[in-house]
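Here is a friendly walk through one protein model, written for someone who works at the bench. Please keep the sequence and the 3D view open while you read.

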Amino acid sequence: MRKTTGAPLEDDMERHKPPGKFAFLPWLLMISGDVQDLAKGAFPHPWLGGLGVAVFAVLYTAAVVLGLDRARLGTRTPRLLLLGVAVTAYALSLGYGGEWLMCFPVLSLAAGIVLRGNRALAFAVLGIAGSAGVIAGWHSGAENAMITGYGSVMSGMVTASVLRLFETVAELRETREELARSAVERERLRFSRDLHDLLGHTMSVIVVKAEAVRRLAPRNLEAALGQAADIEAVGRQALTEIREAVTGYREGSLTTELDRARSVLDASGITADIRQSGPPLPSQTAALLGWVVREGVTNVVRHSRAQRCVIEVRGAEDRVHLEISDDGHGVGSEPGGVPGSGGNGLKGLAERLAAGGGSLTSGPDGKRGFRLVAELPVDENDGLESDGEERAA
């Protein structure tokens with residue numbers, strides 16, 4: 001005996017295709033007995049009955065085929081065809097004195113297809129079943145009335161429920177695929193930002209350190225060797241950070257980035273003035289500000305040609321303010337520059353901070369220099385969660 005694992009209904013539905021456009025046509029065989037009686041001459045005016053059967057079959061086929069087309073569902077044409085099926089079914093039943101009662105379950109099935117998902121379905125199916133029961137009871141008794149009415153209700157409601165279930169599963173599948181595509185796009189964007197920030201900063205530090213080695217080597221070999229050792233350390237650290245970025249677990253540290261900023265600014269011949277005040281910051285807030293320091297200092301070293309750079313962090317209970325300014329005259333520092341302009345790094349930072357409820361502004365700082373300002377709300381829950389995770393670990 002095969003053991004069942006209780007797979008979700010959606011998985012079962014995915015393994016089976018929804019009914020095709022012609023899947024419900026065999027239900028016309030329900031009236032085959034009446035057709036045989038008509039062919040044997042059991043009913044008067046057989047030519048008229050034959051015409052009615054042909055019209056009923058054609059209208060039913062057209063209504064079902066168009067009703068199963070989701071592009072046409074809810075349009076007028078399938079509903080008009082359904083109305084034609086209903087008129088023909090009542091004409092056959094009433095015209096032959098309560099015979100042809102099997103037309104009503106077929107009519108109800110067509111109504112379930114055409115009106116599925118519509119509030120009118122329940123009223124239509126109950127109306128068909130009730131009138132079919134009345135006609136059957138008038139001519140054939142109460143037992144036949146119950147059978148005809150019950151069969152009409154079940155054929156319409158079950159058909160509509162099954163089709164809606166298939167359509168819901170299809171919609172869920174499409175939604176799941178769309179969410180997967182969005183997740184991939186977000187991950188690509190995250191990785192591209194991390195890679196840009198990591199490599200841009202690291203290459204700038206290596207270039208600056210290498211220039212320092214070249215300047216110091218002729219006159220101070222010991223200092224040059226110290227700078228070379230820094231290049232090796234920066235390279236090793238970059239490899240570690242790239243691996244962490246690939247796996248998605250990298251988090252920056254504001255304190256670490258401030259220390260690195262002081263080192264790279266000193267190596268570039270720029271006086272570093274770093275100030276920090278306020279309470280300790282939650283890990284997520286500190287990580288975002290660490291990215292800002294990394295990108296801001298990289299831009300100062302690359303473009304500013306400054307003599308002095310000031311980095312100030314002012315924390316409060318509900319908000320933290322980070323400002324990086326220099327006295328250079330590089331790209332974007334002209335008085336006529338456009339505030340908020342910047343490369344891909346600054347745009348990526350602005351999006352990161354906006355996602356965290358913060359903001360990033362940049363532009364010329366007076367007559368000379370450039371200023372980068374970041375503000376973030378302080379999320380106390382983030383700090384509590386991080387502490388709890390550390391304790392749990």
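Among contacts in the protein between residues at least 6 apart in sequence, 72% join residues at least 24 apart; contact here means heavy atoms within 4.5 Å. The model is a predicted one, in which local features need pLDDT of at least 70 and side-chain atom pairs count only at pLDDT 80 or more, while totals for chains, interfaces and linings use all residues. Residues are numbered from 1 along each chain as its sequence is written, and side-chain values use heavy atoms, with hydrogens and water left out.

**The whole protein**

The protein contains twelve helices and five strands. These elements are DSSP runs numbered from the N terminus, with helices being H or I runs of at least four residues and strands being E runs of at least two. Of the 393 residues, 39% are buried. Buried means under 20% relative accessible area, exposed means over 50%, and partly exposed is in between, with a 1.4 Å probe and protein chains only. The accessible surface comes to about 22000 Å², and carbon and sulfur atoms account for 59% of that surface. Such areas come from the Shrake-Rupley method with a 1.4 Å probe, and for residues only the protein chains shown count as cover.

**Strands and their partners**

Let us follow the strands next. Strand β1 (residues 271–277) and strand β2 (residues 308–315) run parallel and are joined by seven bridges; two strands pair if DSSP finds at least two bridges between them. Within this pair, Thr 271 stands opposite Arg 308 of β2. Between the two strands the chain passes through helix α10 (residues 283–304), and this β-α-β crossover is left-handed. For reference, a crossover is right-handed if, with the strands pointing away from the viewer, the path from the first strand over the helix to the second runs clockwise.

From β2, a hairpin of three residues leads to β3. Strand β3 (residues 319–326) pairs with β2 in the antiparallel sense over seven bridges, and Gly 315 stands opposite Val 320 in β3. Strand β3 also pairs with strand β5 (residues 370–377), again antiparallel and over seven bridges. There, Ser 325 has Arg 371 of β5 as its bridge partner. Seven of the eight residues in β3 are buried, so this strand is mostly covered.

**Helices α9 and α10**

Helix α10 has 22 residues and reaches 30 Å from its first C-alpha to its last, close to the 32 Å expected at 1.5 Å a residue. The expected span is 1.5 Å times one less than the number of residues. Helix α10 is mostly covered, with 18 of its 22 residues buried. Just after α10 comes Arg 305, in the loop between α10 and β2. Arg 305 has a positive phi of about 55 degrees although it is not a glycine. Most residues other than glycine have a negative phi. Arg 305 counts as exposed because its relative accessibility is 58%.

How far apart are the end C-alpha atoms of α9? They are 20 Å apart, which agrees with the 20 Å that its 14 residues should span at 1.5 Å a residue. Buried residues of α9 include Leu 254, Leu 258 and Ala 261. After α9 comes Gly 269, whose phi is positive, near 80 degrees.

**Three buried residues**

The table sets out three residues, each with its helix and its relative accessible area.

| Residue | Helix | Relative accessible area |
|---|---|---|
| Val 125 | α6 (residues 120–140) | 1% |
| Gln 227 | α8 (residues 221–247) | 16% |
| Glu 257 | α9 (residues 254–267) | 4% |

Glu 257 is buried because its relative accessible area is 4%, and its side chain is joined to that of Arg 294 by a polar contact of 3.0 Å. A polar contact is a pair of N or O atoms within 3.5 Å; within protein, one must be able to donate a hydrogen and the other to accept it, and residues adjacent in sequence count only if both atoms are side-chain atoms.

The side chain of Gln 227 makes a polar contact of 3.4 Å with the side chain of Lys 209. Leaving out residues up to four places away in sequence, Gln 227 touches residues including Ala 212, Val 213 and Ala 267.

For Val 125, neighbours within four places in sequence set aside, the contacts include Ser 108, Ser 152 and Met 157. The C-alpha atoms of Val 125 and Met 154 are separated by 8.9 Å, with their positions 29 residues apart along the chain counted as the distance apart.
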